[in-house]
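Thanks for coming. I will go through one chain today, starting with a single helix and working outwards. Please have a look at the sequence and the model first.

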Amino acid sequence: NKSKKVKKINQNGSLIKKILFISQPHKKLQYKLSKLFGIENYFGFSEYNVVNNILKNIDLNIINFFIKLHPNEKPDKFNIFKKKKISILSKISKDQIIKKFDLIIGMDSMLLLELYLMGGKVLSVRPNPKNFFYGNRLKVFPIIEKINNFDDLKKIVNNYKTRKISFKKKGITNIIKKLAK
């Protein structure tokens, strides 16, 4: 029963209704790097790896999942997920993103940093990263290699809500240590 599942999430102290994934054209860029310069596996992951990781760990009957396209991406890019309940957004303001979404997930977009500074609950997911992301240096919000289960997402959102962890002051290692307690 859908309402019982939503209630259960509420009882656990976390209500995540809407998640936004900020896409980037990593796969297309990787293809160009490989073809033009012989650079293989520059990122270590693609946007498809991250979306698949998210979808494996959320219930689309409870969570509304949205993908915001990068300006260089075509509207049909994520048609492989057509059968799933996913909404594709091409244009949405930063203010609307902050107001509308309970959690914003991306990879290494500067938009993640901007949204965090504007008050967004931001998470960077970078499986097997091979390159540098400024978010790593700044250590302002959680950066993980993969989502293991929905509880991971609930803990991150709860920690934003309760301010148990100040992401502005702590690195991801300290965050993980606190979550383990």
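Which residues of α3 are buried? They are E47, Y48, V50, V51, N53, I54 and L55. Buried here means under 20% relative accessible area, exposed means over 50%, and partly exposed is in between, with a 1.4 Å probe and protein chains only. Helices are DSSP runs of H or I with at least four residues, strands are runs of E with at least two, and both are numbered from the N terminus.

Before going on, the provenance. This is a predicted model, in which local features need pLDDT of at least 70 and side-chain atom pairs count only at pLDDT 80 or more, while totals for chains, interfaces and linings use all residues. Residues are numbered from 1 along each chain as its sequence is written, and side-chain values use heavy atoms, with hydrogens and water left out.

Back to α3, which spans residues 47–56. Seven of its 10 residues are buried, so the helix is largely enclosed by the rest of the structure. What does the covering? The cover includes α2 (26–37) and the strands β1 (18–22), β2 (64–68), β3 (86–89), β4 (103–106) and β5 (122–125). At the N-terminal end, S46 acts as the cap, with a side-chain oxygen 3.2 Å from the backbone nitrogen of Y48.

One of the buried residues of α3, E47, has a partner in a loop. K77 sits between β2 and β3, and its side chain makes a polar contact of 2.4 Å with that of E47. A polar contact is a pair of N or O atoms within 3.5 Å; within protein, one must be able to donate a hydrogen and the other to accept it, and residues adjacent in sequence count only if both atoms are side-chain atoms. Is K77 buried or exposed? At a relative accessible area of 17%, K77 is buried. Apart from neighbours within four places in sequence, K77 is in contact (heavy atoms within 4.5 Å) with S23, Q24, P25, E47 and Y48.

Now the sheet. It is open, has six strands in the order β3-β2-β1-β4-β5-β6, and its pairing is parallel. Two strands pair if DSSP finds at least two bridges between them. The edges are β3 and β6 (143–144), each with a single partner strand, so one side of each has no neighbour in the sheet. Helix α5, residues 110–117, packs on the sheet and touches β1, β2, β4 and β5. Its direction makes about 160° with that of β5; axes are lines fitted to C-alpha atoms, for helices over the stretch in contact, and angles run from 0 to 180 degrees between N-to-C directions.

In α5, L111, L112, L113, L115 and Y116 are buried. The cap at its N-terminal end is S109, whose side-chain oxygen lies 2.9 Å from the backbone nitrogen of L111. After α5 comes G119, with a positive phi near 105°.

Strand β2 has four of its five residues buried. With β1 it pairs over five bridges, in the parallel sense. Those bridge partners include K18 with N64 and F21 with I67. On to β3: β2 pairs with it over four bridges, again parallel, and I67 has I88 as its bridge partner there.

Next, the rings. How many aromatic pairs does the structure hold? There are five. Rings of Phe, Tyr and Trp (its six-membered ring) pair if their centres lie within 6.5 Å; planes under 30 degrees apart are stacked, over 60 edge-to-face, and the rest tilted. Y42 and F43 have ring centres 4.9 Å apart and planes at 80°, so that pair is edge-to-face. F43 and F45 form a tilted pair, 6.5 Å centre to centre with 55° between the planes. Ring pairs thus link Y42, F43 and F45 into a cluster. Within it, Y42 is partly exposed at 37% relative accessibility, whereas F43 is buried at 6% and F45 is buried at 6%.

To finish, the whole chain. It contains eight helices and six strands, and buried residues make up 46% of its 181 residues. Of the contacts with a separation of 6 or more, 59% are between residues 24 or more positions apart.
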